[in-house]
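Student: Please take a close look at chain C with me, starting with its sheet. Afterwards, I would like to see how the chain fits in with the other chains.

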Amino acid sequence: MTTPPDLLAGSATGSIYDLGYRRYDGPRLGRRHAVGALFVHGLRGAFGLGRGGRAKIAPLVLGGLIALPAVVSVGFGTLAGGAAEEFNPITLEGYLPFAQTLLVFFVAAQAPEFLVRDRRYHVLTLYFSRAIERADYVLAKHLALLAAVALVFALPQVILLLGMLFATPSLADGLAEVVPLLGPVIGRTFVVSALLAGVGLAASAFTVRRAFAAGTIIAVFLVLSGVVTVLVNRVGLDGPLALVALADPFALMDGVSALLFGVEPNMPAILRSDLPVWLFAGAAVAISLGCPILVLLRYRRISA
Amino acid sequence: MSGPVPGSPAALGPLVGLTAGGLVGRRRSIGVVLLAAAPVLVAAVIAIGGGLGDSATLAADVFSTITLGLVIPLAALVFGTAALGTAIEDGTIVYLLVKPVPRRTVVLAAMLVATAATALLAVAASLLAGLLLVGFTAPGLLAGMAVAALLASVLYVVVFVTLSIFTSRALLVGLGYVLLWEGLVTTLLAGTRILSIREYATSTMLALAGTEGSGAAQASVALPEALALSLAVVAAAFLLGAWRLGRFEVGEAG
Amino acid sequence: MTAGVVELTDVSRWYGNVVAVNGVGFSLGAGVTGLLGPNGAGKSTLLHMIAGLLRPSAGTVTVDGRTTYGDPEVFRRVGLVPEREAVFGYLTGRAFVRLNADLQGVPAATDAVERALATVELTGAADRALVTYSKGMRQRAKVAAALVHDPGVLVLDEPFNGMDPRQRLHMMDLLRDLARDGRTILFSSHILEEVERVAERVLVVVGGRLAASGDFREIRRLMTDRPHAFRLRTSDDRALAAAIVARPTVAGVALEDDRLVVRATDFAAFTGDLAGIARAEGISIFELIPADESLESVFAYLVRG
């Protein structure tokens with residue numbers, strides 16, 4: 001503490017002592033850095049990093065279960081040899097049905113954490129009084145969840161690709177087989193993750209209770225898919241009525257898969273509605289783009 | 001200062017009013033109404049598009065998979081866990097606990113209101129969807145669906161209300177029950193179906209529908225057992241809930 | 001209005017390994033008593049035990065001779081104003097108080113509700129939903145709800161939390177009026193000025209134990225093993241300081257700013273000494289102020305010790 005100033009007898013002055021408080025005058029990392037930090041924070045949080053033990057259980061268990069069929073398939077292929085490949089139902093192109101329900105659970109478990117907590121405890125003010133704009137916040141959160149889902153979905157696909165790579169006797173043959181598949185794999189992973197993340201965050205943007213958001217996400221996927229499947233199996237869908245099939249989110253994902261890999265779709269909604277496959281893929285992309293916009297509009301109106 | 005002892009009749013009214021007022025939250029209600037509209041919309045689409053197959057079987061199918069399988073449990077989950085759950089979570093349950101009102105009355109009020117809300121939507125959705133599909137040609141099926149919807153509403157709600165008294169994660173546990181137990185386990189393991197609310201309701205519906213709509217769903221649990229177990233579920237849920245709320249202690253401010 | 005009698009006898013409450021309340025005993029009658037202590041001292045736990053919401057792990061808590069936990073009759077005699085802010089927001093003020101009246105089984109509920117609302121001066125706003133109330137209004141609504149059944153004991157958990165000074169003054173006046181009617185009022189706080197101004201009596205709780213009870217000035221006086229500090233303004237500070245530092249009742253002197261600060265070990269003896277010494281030296285004393293007899297120093301001393 002510096003020396004106290006002289007006080008004139010009888011005058012009432014006050015002063016603030018210099019305790020060594022210093023302003024920060026150095027360089028400040030800008031908006032891009034802040035958004036990047038938000039992205040990394042979200043991505044880490046999706047896997048429970050930096051959040052304590054219990055938060056890691058769900059993502060690890062679900063991630064493991066999603067990758068499990070791939071591991072089984074590769075193991076099966078290695079043990080049983082090439083001839084048995086015909087009987088192996090687990091293929092790269094057709095991997096979605098094995099993963100999709102669990103991916104929905106993953107998003108239902110993690111998406112609410114991204115948005116609901118900040119609103120529930122009223123910390124949005126802290127974010128928006130920094131260099132981050134509302135659009136930045138929404139975008140960063142979306143990208144983070146998208147990246148998380150993509151990682152989880154990519155793992156089994158990578159396992160299968162590696163299995164294919166090492167199944168052939170020569171590395172060159174293996175690469176020739178695998179490299180053309182990389183494009184479709186990346187594309188499908190990206191679109192499917194975008195769709196799941198979009199719906200997940202859209203559902204989380206309107207409620208302050210995490211369990212409610214989780215339930216809504218699960219309900220949206222399962223109810224829509226269930227309803228459309230029943231409809232498609234029971235009704236003759238002619239003309240405009242066939243568009244109902246587009247309401248099945250799992251069919252949309254299947255459409256993406258079929259389009260990119262050039263294989264036949266296997267969801268009843270696509271098969272029985274006679275709609276072209278690219279329509280489903282296009283709808284998937286449209287929803288993936290529309291959801292962030294919806295969330296953005298919502299966050300424009302939130303008072304923080 | 002000391003008035004008449006507030007037994008069930010006197011205090012139940014205000015409690016019911018209070019719970020009802022709390023359940024009708026805008027967003028929550030909109031979501032559940034939309035959910036209940038699903039089977040009606042499906043039925044409308046089928047009716048317009050021309051269904052494939054016998055309309056009674058169709059109606060029973062729509063009811064089993066959509067209404068009974070998804071709509072009623074989810075609606076019951078929303079209303080059942082909110083009836084007492086929100087009050088427990090934000091601490092306002094204190095105002096109900098420091099009153100000379102038997103705790104079982106509080107539980108009863110919550111169960112009544114949540115059941116009424118769920119059943120209203122469930123029965124309306126079932127009847128509307130059924131009427132759209134079969135008109136008045138299959139009264140037994142309609143009656144069966146309505147009664148099954150009512151029964152399922154009651155059973156799911158009382159279970160979820162009691163769940164909300166025991167844990168703050170009732171919504172998640174309830175979701176787990178609906179999706180994992182009734183969605184997966186009972187589908188795969190036939191022996192577990194004796195412990196499934198969906199089966200009790202299905203059994204009731206089939207009993208009333210008779211030959212109408214047969215072939216859509218099979219009764220895994222015989223009717224007398226289904227009814228007896230339903231009664232047991234209601235009694236057990238109520239007694240457990242009342243007991244747990246009676247031992248509720250509010251310590252630190254929360 | 002007959003005041004309720006609250007008696008605690010060697011009450012303890014633990015949650016597993018954590019002891020929240022440890023061997024606390026006191027009895028209360030009519031008037032305002034303040035329960036003072038830092039956060040986590042066990043104040044809420046004590047209040048909830050008195051209200052019948054919590055069972056003591058050991059000891060007995062009685063109101064009018066009846067054990068509080070498990071006896072529905074106790075709920076008629078005690079009114080609790082909980083700390084948590086949340087109320088049934090969708091109800092109007094009047095409906096909220098009316099709900100409490102109905103659940104208590106109050107006869108002539110409408111009149112009781114109006115009386116309670118008038119007592120807290122909420123009659124004007126009573127038809128608005130609680131969610132539109134300011135914090136102070138919500139607190140008053142909670143007090144009205146706790147009063148509607150005319151209890152002999154009123155227990156308030158941190159009632160001044162988050163209130164602005166004007167609201168606080170209103171609430172203090174309200175509590176004093178209620179006590180004057182003959183009720184037993186117990187409120188908790190960790191803010192010393194509040195307790196100082198309203199409570200006739202103080203219970204100091206630290207770490208689950210009752211550290212002191214009674215009038216806070218008395219408590220202070222009882223702790224004679226700690227030096228009392230006085231601040232004097234005299235005609236010759238230095239000369240007086242030199243004269244009194246020789247006395248055994250003086251633990252230390254200091255010349256600060258233009259005052260003389262004296263630390264005395266025995267309050268009573270020192271004041272007697274001082275007059276004599278000053279006269280002998282021919283020094284006039286213009287001002288003698290106890291420097292630390294506020295609740296603050298009592299509190300600080302108890303917490304540190």
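Tutor: Happy to; we will go from chain C as a whole to its sheet, then to its neighbours and the cores.

Before we start, note that this is a predicted model, in which local features need pLDDT of at least 70 and side-chain atom pairs count only at pLDDT 80 or more, while totals for chains, interfaces and linings use all residues. Residues are numbered from 1 along each chain as its sequence is written, and chains are lettered from A and ligands numbered from 1 in the order in which they are written.

Chain C contains 11 helices and 14 strands; these are DSSP runs numbered from the N terminus, with helices being H or I of at least four residues and strands being E of at least two. Its C-alpha trace spans about 75 × 45 × 35 Å along the principal axes. The domain assignment, which is automatic or comes from a database, splits chain C into domain 1 (6-214) and domain 2 (222-304). The C-alpha centres of these two domains of chain C are 41 Å apart. Of its 305 residues, 44% count as buried. A residue is called buried if 20 or more other C-beta atoms lie within 10 Å of its own, exposed if 12 or fewer do, and partly exposed in between, with C-beta atoms placed from the backbone.

Now for the sheet. In chain C, 4 strands make an open sheet in the order β2-β1-β4-β5, and the pairing is antiparallel. Here two strands pair if DSSP finds at least two bridges between them. The edges are β2 (18-28) and β5 (66-67) of chain C, each with a single partner strand, so one side of each has no neighbour in the sheet. As background, strands of a sheet pair through backbone hydrogen bonds, either parallel or antiparallel.

Follow the pairs with your cursor. Strand β1 (residues 6-15) of chain C is joined to strand β4 (residues 58-63) of chain C by 5 bridges, and the two run antiparallel. L8(C) has V61(C) in β4(C) as its bridge partner, and E7(C) stands opposite T62(C), also in β4(C). From β4(C) we can step on to β5(C): 2 bridges join these antiparallel strands, and V63(C) stands opposite R66(C) in β5(C). The hairpin of β4(C) and β5(C) has 2 residues between the strands, and D64(C) there takes a positive phi near 55 degrees.

Next, the neighbours. Two residues are in contact if their C-beta atoms, placed from the backbone, lie within 7 Å. Among the 2 pairs of chains that touch, chains B and C share the most contacts. That contact takes 33 residues from chain C and 28 residues from chain B. On the side of chain C, the elements that give two or more residues are α1 (43-50), α2 (72-77) and α3 (93-104). The largest share, 5 residues, comes from α3(C). By class, this side of chain C has 17 nonpolar, 8 polar and 8 charged residues; Ala, Val, Leu, Ile, Met, Phe, Trp, Tyr, Cys and Pro count as nonpolar, Asp, Glu, Lys and Arg as charged, and the others, Gly among them, as polar. Chain A does not touch chain C, and their nearest C-alpha atoms are 9 Å apart.

For contrast with the sheet, chain B has 9 helices and 0 strands. Its radius of gyration is 19 Å, close to the 18 Å from the globule rule for 254 residues, so chain B is as compact as a globular protein of that length. That radius is taken over C-alpha atoms, and the rule is 2.2 Å times the number of residues to the power 0.38. Chain A has 10 helices and 0 strands, and its radius is 26 Å, where a compact globule of 304 residues would have one near 19 Å.

Finally, the cores. A nonpolar core is a set of buried Ala, Val, Leu, Ile, Met, Phe, Trp, Tyr and Cys residues joined through C-beta atoms within 7 Å. The largest has 252 residues, and V149(A), I217(A), V71(B), A75(B), A152(B) and A144(C) touch the most other members. Helix α3 (residues 55-90) of chain B gives the largest share of this core, 22 residues. Apart from that core lies another of 11 residues, including V250(C), L260(C), L274(C) and A278(C).
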